[in-house]
Amino acid sequence: MDFELTSDYQPRGDQQQAIDKLEKSIRAGNRHQTLLGVTGSGKTFTMASLIARCGRPALVMSHNKTLAAQLYSELKGFFPNNAVEYFVSYFDYYQPEAYIPRTDTYIEKDSSINDEIERLRLSTMGSLLTRRDTIVVASVSCIYGLGSPEDYENMMFPVSVGQQLTREQFLDKLVSMLFERNDVVFGRGKFRARGDVVEVHPAYLDQTAVRVEFFDDRVERITLVQVTTGRTVERLECHTFFPAKQFVTPGDKMKRAIHAIRGELDERIGDLEKREALVEAQRLRMRTEHDLEMMNELGFCQGIENYSRHLTGREPGARPHTLLDFFPDDFLLMVDESHVTIPQVRGMYEGDKSRKSVLVDHGFRLPSAMDNRPLRFDEFMHMTGQRLYVSATPGPFELVNSRPDNRTWIEIKPGGVQPMAKVRVRASGGDEPVDAFEVGKPGTPLVVEQVIRPTGLLDPVITIRPLKGQIDETIELCRQRVERHERVLVTTLTKKTAEDLSEYLQGVGLKVRYIHADVDAVERVEILRQLRAAAIDVLVGINLLREGLDLPEVSLVCILDADKEGFLRNETSLIQTAGRAARHISGECVLFCDVMTESIRRLIEVSDERRTRQRAHNEAHGITPQGVKRGLQQSLQAAGHDEGPAAKGETAKVAQEAAPYDPLRVIAGLEEEMRAASARLEFERAAHLRDQIAALKQPADAAAPRKTEYPKAVGKRGKRRGT
């Protein structure tokens, strides 16, 4: 199928020229192109238009789940008739396996899997293998190890009406695809058999299951049914069943893997004993023998991903299979907020390597566990074809690779500049060398600017004020904006300063909250919602008030101590922070400083240049700037309750009425609402409801009879034991 872009919007401002130039560059075969789009210029619509024009599968990468969910929702609306998928880490909580030699502390892997996100991941894999009109919105999770696409595809099982297939053969196939039989509790990844009728709930479907009816060793009927009621939704002529798990290994490969693991174990034990590391040797033997027994008897074990090299038959040191392997060769990569996402991709490998090395050295894992890893950056570059970097502040990597005339050669790998070669270059005017790839490729890479907003809004006005009296000045500026029913963001340098300033501003009568890394991720969403709802007038933060925040009501950004040059006050940070006021017609950014740093000077230059272009465009086309209007997100507190204290900036409470309080009934209602929110793709709301359910369960747990707790005992499985 072709990509069908459905939207009431038409390209406006700079969007049309950006779409045309980028399409031409991609069709010319250029591997690097950058979209330098200012905040509020409609970069997502530009990306969607480009996907529709090029007609190729696309991977849209974002640096965190929240922004990925926002992109997913927007692209889902742009392409309702195509496969838009969501692929992020499916762990609600993840504690990686680790060992601390200094204190002799072993930390076992612990995790909590989100079933809804796992369903979306499986749906992503299935769509990529069966259709080309697929758009995947992913986090950096897409560069981590995944099952082999060949194994996954070979395990797929198509069934059609009239097919020669016995009931027993079908059940055997389902078991080999890691489906579980359960005639009582029917859920995702399970099946039940009643006579000649077999009902299967594929892991990638939500509220529907597939019913297969047999007659005389043939498939007589296939229907799609509702899981709860059993009502027929649709009659099908055929259906393809996908494996129930992301990691699947055929039986013959499992036997070979067990033999190979045992061989590596013997070799590693001999090496440790030669070095007289007898404790490590004994530890490794016990742990690995236990895992092998589990794999032989049950087909899996705890931490089976550490044996992925043997399970997939890869050579030592070979890269793992990832989601990128499921894409066709001509897919298009779009990196959103590339100035953050690219460094994140670059840093994943080394962090994982340092942790695994300690485990291997101390006998907790075989050396092959090192091959269960994320992609190295050069491997990531080799696996991706044409790339579009999207950011309001592209980093040196994007600009160096997208502007061949903007760099100076300083080092070339042996063998000269070959296609896919990695070259160290220095951007013009830059101090640090940057990696450049594929210098020998033909074509002229491109940087396209998207400066004109569809709304006609100008960049915020930049105002410089002295450091002396910056707090009093901030209070007065906040009061002026509050009188006009507008919101304010204030950025500081430390958490302590943010907390103290919030307390001080509350003391002078302002409605203030602070936000920083120690604030729970779901609570951050609620704080931002309260800011938009006028429950809060001023929000104080550090580094979180940057890319990705869509707050149309914010008209003023105050940056305290702006001349303290560093990560929090460099050019990128200042431009991104100032951009939070770019969606308001009265947008202004006030910098308190005594020294005109290079970063501040660049911010002023960029802002003045953009405002000049934007004003000239508005005058030439008779455009009157209009503020952005966007509906207020529904409260993440439980539905059915008045906002009450939440609207006043206080903590919301559940069931404050005098009626008898039944916690089980409230929890059941919240769980049902959480599932409904997930089905509507409102992941932030679902996450908040999940945390509220956990909070409600804690008092119930405290009131229950206490279990006897015994001292911690760590055995093979490393779990705390009790009765």
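This is a guided tour of a few selections in the structure above, taken one stop at a time.

The model is predicted, and for that reason local features need pLDDT of at least 70 and side-chain atom pairs count only at pLDDT 80 or more, while totals for chains, interfaces and linings use all residues. Residues are numbered from 1 along each chain as its sequence is written, and side-chain values use heavy atoms, with hydrogens and water left out.

**Stop one: strand β1**

Select residues 32-37, which form strand β1, where six of six residues are buried (buried means under 20% relative accessible area with a 1.4 Å probe, protein chains only; strands are DSSP runs of E, at least two residues, and helices are runs of H or I, at least four, numbered from the N terminus). In a regular strand the side chains alternate between the two faces of the sheet. In β1 both faces are covered, with H32, T34 and L36 buried on one side and Q33, L35 and G37 buried on the other.

Next add residues 386-391, strand β18, which pairs with β1 in the parallel sense over five bridges (two strands pair if DSSP finds at least two bridges between them); here L35 has V390 as its bridge partner. Then add residues 446-450, strand β22, which runs parallel to β1 and is joined to it by five bridges, with T34 opposite V447.

**Stop two: helix α6**

Select residues 167-176, helix α6, and colour R167, F170, L171 and L174, which are buried. These residues lie on the same side of α6, because they cover an arc of only 95° around the axis (the arc is that of the directions from the helix axis to the C-beta atoms). Among the elements that cover them are β9 (157-160), β11 (190-194), β12 (197-201) and β13 (208-214). Just after the helix, L178 takes a positive phi of about 70°.

**Stop three: the six-stranded sheet**

Now display the open sheet of six strands, whose order is β10-β11-β12-β13-β14-β15 and whose pairing is mixed. Strands β10 and β15 (232-236) stand at its edges, each with a single partner strand, so one side of each is left without a neighbour in the sheet. To look at one edge, select β10 and β11, which pair in the parallel sense over two bridges, and find R181, whose bridge partner in β11 is F191.

Definitions and conventions
Buried means under 20% relative accessible area, exposed over 50%, partly exposed in between (1.4 Å probe, protein chains only). Contact means heavy atoms within 4.5 Å.
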